[in-house]
Every structure is written in structure tokens, then in C-alpha cells.
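The following exercises concern the contact between two protein chains. Each task is followed by a solution in steps.

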Amino acid sequence: MKNKNTVSRKILFSGIFIFIVILIMIAVLLKSKMNELFIDYMSEQVTIQIELLADATDEKLNMEFKKMEGVAAFLNTGELGIEKVREIMTTLEGEAEGASIGLIKLNGSAIYGKPLNFSDFSGIQESFRGKRIISYNKEKGMLFTLPIYRGDNIKYVLYKLYKTDIVQERFKIEYYDGQAEVQIINRNHDVIVADGHSETECLDFFCSDEHFSEEHEKLDKMMQVSMSATIYSKKHKMFAFAAEIGHTEMRLTGTIPEEIVAEGLFKIVFLILWVFGLFLVLFIVGICYIVVLDTKVQEREWLRLEKMNAEKANKAKSDFLANMSHEIRTPINAVMGMNEMILRECKDENIVEYSQNIQSASSNLLSIINDILDFSKIEAGKMEIVEVSYYLSSLLNDVVNMIQIKANQKNLKFEIKINKSLPSILWGDEVRVRQVIINILNNAVKYTKEGSVFFDVDGEIEENMLYLKIAVKDTGIGIKEEDRGKLFGHFERLDIEKNRNVEGTGLGLAITYNLVQQMNGTLDVESEYGVGSTFTVRLPQKIEDGAEIGDFQEKYRSYMKSKKEYHESFQAPDAKVLIVDDNNMNLLVVKNFLKKTMVQVTTCQSGQSCLELMEQNKYHIVFLDHMMPGMDGIETLKQSKQMQVNASKDAIMVALTANAIVGVREMYLAEGFDDYLSKPVRGHELEEMMRKYLPEELVIPYQEDVNVEDNNESNKENASEIVQEKEQNKENVSEIVKEDKEKTITEQKDLLENISREQLKEIVKELLGEIEREREKEIKTEPIEQVQSIEIMKEIETMKPVTEEIIDKKEMTVEEEFPKTTIENRKENENEEIEEIKEEEVGLLEKLSFLDTQTGLSYCCDSEEFYEEVLRSYLEENHYEEIRQYYENEDWNNYMIQVHALKSTSLSIGATELSKQAKGLEFAAKAEDIAYIHQNHEETMKHYNEILTKLSTIL
Amino acid sequence: MNQNKKVQTILGVIGILVFGVIMFLILTPGKVKETYTAKVGFILSGSIDEAGWNGMHYNGVKEACDKLNAELLVKENVLEFSGQCTEAVEELVEEGANMIILSSYGYSEEVKDIVKQYPEVMFYANSFEYKDENMTPYFVRMYQVRYLSGIIAGMQTMTNKIGYVAAMPNNEVNRGISAFTLGVRSVNPEAKVIVAWTRTWDNEEIEKKAAFDLIEKEGVDMITYHQNQPYAIEVAEEKDVMSIGYHQVFDQFSDNYMTSIVCNWNIVYEEVLQEFLRGKGKDVEYFWLGIRKDAVELSEYSSKVSKEAIEAIEKAKEQMQKSAVVFVGPIYDTEGNLHCGEKELISDEMLLKHFDWYVEGVEFYEE
């Protein structure tokens, strides 16, 4: 590029150089041409003037005849007495200034004046023939002669003779105020009237008889055929000219220097050249400007390319992040969704604990992904603050809830002090505020080994604004003075040696700092190394409702009590919700989440069916997946808005997608969605969303009071509820629990209501013994199940100390105890269930040997029932024909969507090989690597078909 | 990049245009100063190859034109008073002639009415009969050599009778007869010149008869003529009579052929042309060149010409150079009237236009 540039510039410069040289040449030519033209012009001028001068001279010479003619006329009249003639002649002579007058006869003798020799003047003979003539003799002078007639014949000739010196004086000619040299010569080149300047060049080249210069000869030649001529002598820089004097045989000739004739003319030449030069300069300046411009353009071009490359790279990064996020979120979705299910439905304390661990780990993972995404947003400058109105207490609740757990895990004291008089509803970016607080608190918890974390929320109200002040003080390791600067740097982790065991990306504070700044807030750090740090965030938030939030601690405590177990936050049996997703599993998850809210859920798997359903039924909320084969979410939304008949016209449209990259939220809102929910969908998020958008009259909020008032009752209620649910919902995992078993559980539960600590111990022992017995029985009857039975035994064994430990805990409160017992009970139930399932599983899983059932089951909470259902839906969904169709039509876009779906669904049923193949095809379609598709399509399809046929025979 | 190229193209085009315009301006020859070149139309009554009058004129005008770089357009065999002359003039004007020489005596009378139609064209007529603003006469002072040849005739004649075959009486012919007679009588006052009119410029039979008659009937022993062709000399040769030629030099004749009157027309035409080119065509009243400019001369003398005659000629010539010889008074006409007093000189005006008389000593042969 640079080389090319320099080469082209060289060419350009040499081009300009040549052009300038040409221009200069033109200027030189122009100058000479102009000179030539001017000289022509001046020659003409000189010629005209010299002709005028010649005429004047002719006139002057003719004047000499005037008086002579008068006398001649008198003399012609007849025979005059000689006396009379003399008298007349004397008067004539008296008037002839310095000339001698005479009257001569044919033989040359004079009647008056001096006799003249015929041979001296040719004019005498001519006059005797009747002519009036001027003749010249070098020595004698200039002679004017006139014939005097006697009748028809000529008798005398009247003459007037000027001597040479007198001639010189009398007929002196001035031309150009004497600046030019002019003389009168005759045809023999005798100088009749010489110029005053005798010692000039003129005489050298022009007037000398011996030396005829080139110019002179040329002029002479010209004079043979013309009345006047002017030539220019380059050598002498003068004009030489000549002109015939009227009737005489004399001519005017002379020279004049060029500069005298030119006078002002050369100023014009100068002016023209000056203008030309000016143009030349302008041209050069213009060229230079263009060159500079050109360079700039090239630079700009280069910068543009660079920018394009950078943008490409950035886009690649974004794409990568988007992909990664999508890829990671999809499994996390399953993990978290399923985990949530476990948390909701599982009453076994241990499993709930595990599940809670899973929950925290997965949310951790999600937060890391979110951190990276946030960071990429900040990097791209696309982090936006979306303000909404929110409940401060709810926000604090979430935060405290989250941190409390972490603090508890680390045995840290988590102290909370929240000003009671803070307003309850604020306007601001709830999500980001929460993120900021969590980040700071997380940090505090992370870097504090022992001691306490103090969370202080205060605020100053100023008109309509609340300056929220959040101080987080810890007794952690603190920050060294020299590290302060690095604190908010990207990927910076301070004191790495010491904090090696602390997990984190090192992005947290950087993101926090950026967010705070974007919200016009401040973040201050006070720290003493080894003692602790205090992070203080000040955020301005608008006040929506000034009502005081009251005693947060109190509220939180009660909330925590209720939080021990999951419960739906509300019920809305009259609400109708439509969920659209091509992935059956996602539908399943969402459907399950909403089960308890009694919301009427309708699902469908394509945009087209969504539109059909919307046309006929009135839904309150429509959850619409974005990436769908055929009509995607956005298109569906657009079409639904254009539909004439639409029962769900006023439905809230919520986008549902695993795309959680920069700007996605804004994109969906811009496309016309009312809100946006990212996968993995979390139960409480979904519920919040529902609560936010469902008409209030439909929502029956959860009755918290009951639970708080009487825990026993609520527990009982909960327990029975679960049982009830199991009865109601045949899709439920624990549906298979048999009636008698149910009864025992109920019985056990009834017992539990009244038993003491001691009794509980016994019961547990009894239970364990019973399980052991049962195990022995099973070993005998079913050897095949041996291994699994042993596993179960092991599990029970490991559980034993835990249960014992729990029982041993003397400070255990009833409130704490009960859930554990419930969990235990549940575990028992499950054990029984598992046995049941195993029996069936043998058949099904064996039949499914061609699938990675382990993986498949892992996606289905290890529930064979669920797995089967998933398999069924997989079979029903059968995209085989569609994929084939798209492949044949070479509709790679839809093909990609289909194989994408195939990839994830196949993975969820455990067809890992097919999933991989589909993934390969998806990437090929994305990269438009058609060759790869052609190469692998058939094989994949064959594989798919195989799986389908096998599944159809099994199910 | 694209725009860049566009800019370059535009610049290139402008550059080329500017360059082209400038080169055009520079290379366009400046207004060449027009030198007035002559395109000479020449009308003659005979052929240009003819040995006599016409050939001489043609050669003269040719030489002058060549010398002064003039273009020559010739119209041959234009008979006098046949209407062909005006046609020839029209043709020549059409062909672009800006100067027309009418080399035959009668032409000026023929064209006298049409010259005014061509004010841009300068006419030069070999006749003093008619003159106009754009028609200037030209001729040679033939009379000077006639006078000189007269000296030979006067000296050589035995019979004192000299024959003169003349075409027709007009100023020119009359002047020639008179000058010749004056020359004869300047050395031989007894001698007579007998003129026989032929009334034609070129008729062999008539001219020969005239010469024959003069010799046979009048007994002249010297003959001269004023005709286009030397038929008279042929007769004289036959009759063994002395003769003097006219504007041609002959090799074929014997010693009886004394000399010939020669006109150097090239000198005349050169002068005419030069004056025309100098723009003085209209200023010059007439061109009448004489012995001083070598426009006329005598050819080599025959061995029969006596020394005395030659001496007398040289003397007269010398006199002619500086002053006047021929028409210097006293001159009497055939009637005995004094035409020019003692030491008077007949002016050119009179010689050219009013020569309707003959000097004393001229007689006419009548059949």
C-alpha cells in the first residue's frame, strides 16, 4: 500500500514536473511569439509613420515649386524684355531663403543667375522635356527645375538651387522627437539630408556606401517593389525603414531603436507574462493542493480501511461473545430451569441443598458471563442506562438475600443498616443499581476472611432526587496505597499472591466504576491495608413515591422466613399466556415454571401457529422466541401487528431469546416488543414479568401471612400441596407415586406433627433399617438391579451421618427442623420412586442404547418420565422433511435454523453424535461453506432418520 | 479513489485544452505583411514566339516579371479592333490580374471606355492616344534612335533619296518619320525622305510592294520602315539596296543592312512594373524611356557604315545623354512653318500628342 502510494506519487510528481516544464516552454514560446507579433505591429506602425513623414516631406519639397511656378507662369506668357525677366528673378531670389535662382537656356548658358552644367543635374534635361523636377548632385546641391515655355516649346528652364549645406538645414527631418535617425537619399544612395546624429550605428550599417549590411540590402530589395518598407534588425534591436518621397526619386530612410517604438508596448508583454506567471503559480498551487488532498484522501482511505478492519475485528469479537453467550446460556438455561424445578418440588433437604449449590454456582457462572458481556458493552460504549421505576426494598431484598448466603457460607457477620426513611419507589436503572451494589458487596465478602461486612444504605433527599448513599465496609485485607490506581482497571486483580484462592474475572470493579459513572454517581474507596476497606457509592435516583420503606431488617427477617421454601408469588387462574418457541424443551420449562400460578398456558412451536392462535384467542402476554425456523420472532411480531383480526391485539409481547449480547434489549424494544426476557429463564424473573404486565384484577397475590402465622400449618399445607400437585399433574416427575405410598407419607407427616426430638431419632433409625431390609429383599429378587441398589445404599449411607448430625443439633428449632424432616421424607419417597423408575428404565434405556441416555437423562432431571416425554416431543417435532426441503431449495438461512434446532434437541435427548453433526452443518451454513454441507448433509440425515425410526418403534 | 481519478481526468483534459489553445495561438503565423505582388496581364496582337514586335515585347515583359517576382498572364493573338481586346481584359481581370499591359498601339482606344469599370486594375498602354486615371501610357523614345539611324542614312545615301515604309500616320509614326528625317538632314541637308503608307501593320504583299515601289519608282538607295515585320529589308536585299532595320536584329541580311533600331523592352517593363509595385503607378504621367536608360539603341553597324557616320552618331548620342538633340529648334515643317524656334525644345507633350506634322524634307510616295 505504502509502496504503491510512493510509486503513484512519484508518477504524479514527475507528471506535474513535466507539465510545469511544458508550461514554462509555452511561456517562453509565448514570449517570443508575442515579441514577434509586437515587432510586426511596430513595423507596421513605423511604416505608417514613415509614409506620413514621406508625404510631409514631399509636400515640403513641392512647396519649393510654389513661387517658382508663379514666376514660370509669368514668364510663359510671352516675350518679356530681358530687363523685366531679371527684375522678376531678383524678387524671386530675394524670397528664396538661401537658394540661388537661375534661368538657363538649352545650351546651358544662363539668362539669369549662374549657368548650370546639364550633366550635373538630370533634372535640367527632364525639365527641358516639360517636367517639373527635383534633382540632386552631391557636390552642387539640390536643384528644383521648371520648364519655361515659348508657345508649345520649351525655351528656358527655371531653377532653384540649394547648396548641400543649406539643403541639410532646410529639409532636416525629425522623427520621434529626434530619437530616430532619418535621412533622405536618392536612388544612388547619395545622402541628401543626413541625420543629425552622425556618429550612430545607423551610419555603420545603413548609410555607408561601401558597406551594405544585410539589412540594408534586404530593405533595398523591398524598396524595389514597394513604396515603403520596414525591417527589424535583431542584431541591432532596431527598425530600419525606408519610404519613397512622392514624385521625386528620393526616399526617406533611417533607423529607430526598438525601445523607442515599443515604449508602452513591452509593458503589455510584461503584463501578459506576469499574468501568465500568476496563472502558472496558481496552477502549481492548485496542483500542490490536489496532491495534498490526494494524500489526505489516501490517508483517509487507509484510516477507513483500518477502521473497517477494527470494526470487523470488533464485530467478530461481538459475534464470538454472542455465540459464546448463546452456547453457554442454552445449557445453563436447562441447568437453572431444572434446578429451579428441583428447588420447587423437591422436599428432600439434602437435595435441596445440593440444588441450592447448583443454583448459586450456575448463577455465579451466569454472572461471570454477564460480567463479560457488560464489559464488552462498556468497551463498545453501548452500555445504556434504562430507567424504570422500582421498589427499593425489593432491590435491597434481592441484594441482601444473595449476599447473606455468601456471607453465611464464609461465616462472616453481615450487618445491615438501612435508613427507614428512604423512599419506597425510585426511578432508575434497577438492574444496574443492583449490579453495582452486588458487585461491591461481593467484593467485600470475597476479600474478607473473617470479621464482618457492614452494609449501610442511606440517602439524602433533594427535591425530587434521592442521593442514594451505599457504604460497604469490610474487615478484609484492604488495599495497598500504591494499588489504588489499579483498582478500577480491567482484569486487574490486586495482591494476587494473597488472593489466589479468590475467584473472579477482575472485571467487577471496572464495570462497577463505569456503571456508577454512567449513572452520574461517584464511587469512593477508603482503605487501610490489612484492616479493611470502605466502598462508598453515591447514586442520584429520582423519587417516584416518597413513602418510607420502613424497617427493612424486620421486613427482611419475615421475608427470609417465607423464603425458606419456594412458593409462587401469585396466582392468576384467569390469565392467558401464549409461549412460542420452536424448542419443545424450553416450552416445557416455562410451562412448568408457571404451573403453580395457575395461569392458562398455551404453547406453540412456530410463528405461523402463534399468529393463528392470537387471531382466535385473547392472550394477556405472549412470550415469543426470536430464533425460529420459518418465521422468526420479529417477523411474527410485525405480522401480528398488521393482522386485521387479532383477539390478542392488546397482548404484551415479550421477546424470549438466548441472545444476550450488546444492544439486544434495545433492538427488541425498537422492533416493537414490550419487554425482553433472556434465556435461561429464571422462575422468579418470569413471574415478575408476569406480575408486571398482567392486569391487576387477574392477579391474586400469595398469602404470606398464613405462612408466617403458623409455620406448622404452612408446612403441613406445603406438604399436602405437593402431594396434591402430584396427583393433579400427571406430567410431574413424582407422578408415579402410588396411592398407598402417599398414604404412608401422609401418615408419617401426621406423626411428625406431634413427635418429639427423641421420637424423631427413632423414626430415622427405623427408616434406615427398613431401607436396609428392603435392599436385601431386592438383591434377592432382582440381581440385575444389584448395582443400582448398591449405589442407593451408598447414597443412604452417606446421608446417614448428615441426618444424624441434624438430629444431634440441639439448638435446632422447630422451624428449622421441619423442612429438614420434610426433605427427609421426600428423600424417602424419592428412593421408592427411584426403585420404581429403575424397573421401567431397564426396558427403555436398553432400548435406547443407541442414544447417550446418560446425557439425555441429565437434561431431564434424570427423570425417565420426563425423558420419555422429551423423546416423544422430539419424535413429534420431526424436522426431517423440512431440513430436506431447505437443503434441496438451498435456503441456507432456514436450513441453518433447522439444523440449529436439531443440534440442541438432539443433544437434549442424548443423540450426541447427531448433535455434533448438526452443529457442524450449522456452522457450515453460517459460514456459507456449502461444500461442507453437501458433503455431510446426507450422512447426518441418514443418522437422523435412523434415530427417528428407532424412536418411533420404541415409543 | 474513484473521485481521485475523476479529478485527474478533468485536470488532464483542461491541461490538454489549455496546451492546445496556447500552441494554436503560438503556431498560428502572425499577420504576414502583405507585399503587393503584381499579377501582370499581358495582351499582344501576335504570338509570343513571333520574331518581331510581339516576341520582343513578350520577352521583355517576361524578363521584368521574373526579375520582380510578378506573375504573368498572357493573352496572345488578340487582333486589334476585333473586340477581342475587351474580352481579353475581362478574362484577365477575372483571372486576378491587377495590372494589364496592352502591348499593341490600338488597344488603348479599344479599352478606353471600360478601364473605368476596373478601378482596382492598372492599365499600361503602349500608346499615348488615350490616357485615364488608371491607364498610363508607356513607350520608348524611339525617335532618338530614329534620329541616330537617320545620321547613317544621311551619310550613306548616294541618291539622297531614302525610302520609309510606314504603316499609318499617327503621333508615333509621324514622330519617327520626323526624327529620322531630322537625323538624315543633320548630316545631309540635301537628302529627302520618301514615305510610303501601307495602312497596315503586318501585310507582306502591301509592304513589299511599297518598298519595291520606293526603290523602283522613287529610286531610293536606302530603305527603312515602321512595320511589324522586316519585309521592306527583304525587298531591299533583293534589289541590293541599303536598309535599316526596326526593333529587331537580323543575321540573315547582307552588308547593305546597316543597323537596326533596338528597343530594350525589358528595361521599360521593369520600370513600369517597379513603379507599379512602389504604388506610384498612378503618379507617373507616362513612361517614356530613352537612350539615357538604354531603353533604345542601335544594333551593331554593318561594315559599310562609314567612320564619319559612327563618329557623328557618337557625338549625337553624347549630346542626347546630357541635354537634347532631336527636336531642338529651329525646326520647320513640310509647309515651311517654324515649329520650334532657335534654342527651343519641343516639349514631350507636343511630341506625344500633337505630332500631326512632318519636318521639312519629308515627301510622300503616291502611286
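**Exercise 1.** Determine how many salt bridges the rule finds across the interface of chain B and chain A, and identify the residues.

*Solution.* The model examined here is predicted. Step 1: the rule finds one salt bridge across the interface of chain B and chain A. Step 2: a salt bridge formed by side chains is that of A:K155 with B:E344, at 3.9 Å from N to O. Step 3: the cut-off is 4 Å between such a nitrogen and a carboxyl oxygen, and therefore the pair at 3.9 Å qualifies.

**Exercise 2.** State which helix of chain B supplies the largest share of the side that touches chain A, and describe that side by class.

*Solution.* Step 1: six residue pairs are found in polar contact across the interface, both residues being at pLDDT 80 or more. Step 2: several elements of chain B each supply at least two residues of the side that touches chain A, among them helix 1 (2-27), helix 5 (142-156) and strand 15 (345-346). Step 3: helix 1 of chain B gives the largest share, 10 residues. Step 4: by class, this side of chain B comprises 20 nonpolar, 13 polar and 14 charged residues.

**Exercise 3.** Give the extent of the contact and the sense in which strand 5 of chain A and strand 15 of chain B pair.

*Solution.* Step 1: chain B contributes 47 residues and chain A 46 residues. Step 2: the two chains bury about 3900 Å² between them, with 55% of it on carbon and sulfur atoms. Step 3: strand 5 (residues 153-162) of chain A pairs with strand 15 of chain B in the antiparallel sense, over two bridges. Step 4: A:I154 has B:L345, in strand 15 of chain B, as its bridge partner.

Notes
Residues numbered from 1 in each chain as written. Chains lettered and ligands numbered in written order. Predicted model: local features only at pLDDT ≥ 70, side-chain atom pairs only at ≥ 80, totals over all residues. Heavy atoms only, no water. Contact = heavy atoms within 4.5 Å. Buried area = accessible area lost by both parts, 1.4 Å probe. Polar contact = N/O pair within 3.5 Å; in protein donor to acceptor, adjacent residues only side chain to side chain. Helix = DSSP H or I, 4+ residues; strand = E, 2+ residues; numbered from the N terminus. Nonpolar A, V, L, I, M, F, W, Y, C, P; charged D, E, K, R; others polar. Pairing = 2+ DSSP bridges.
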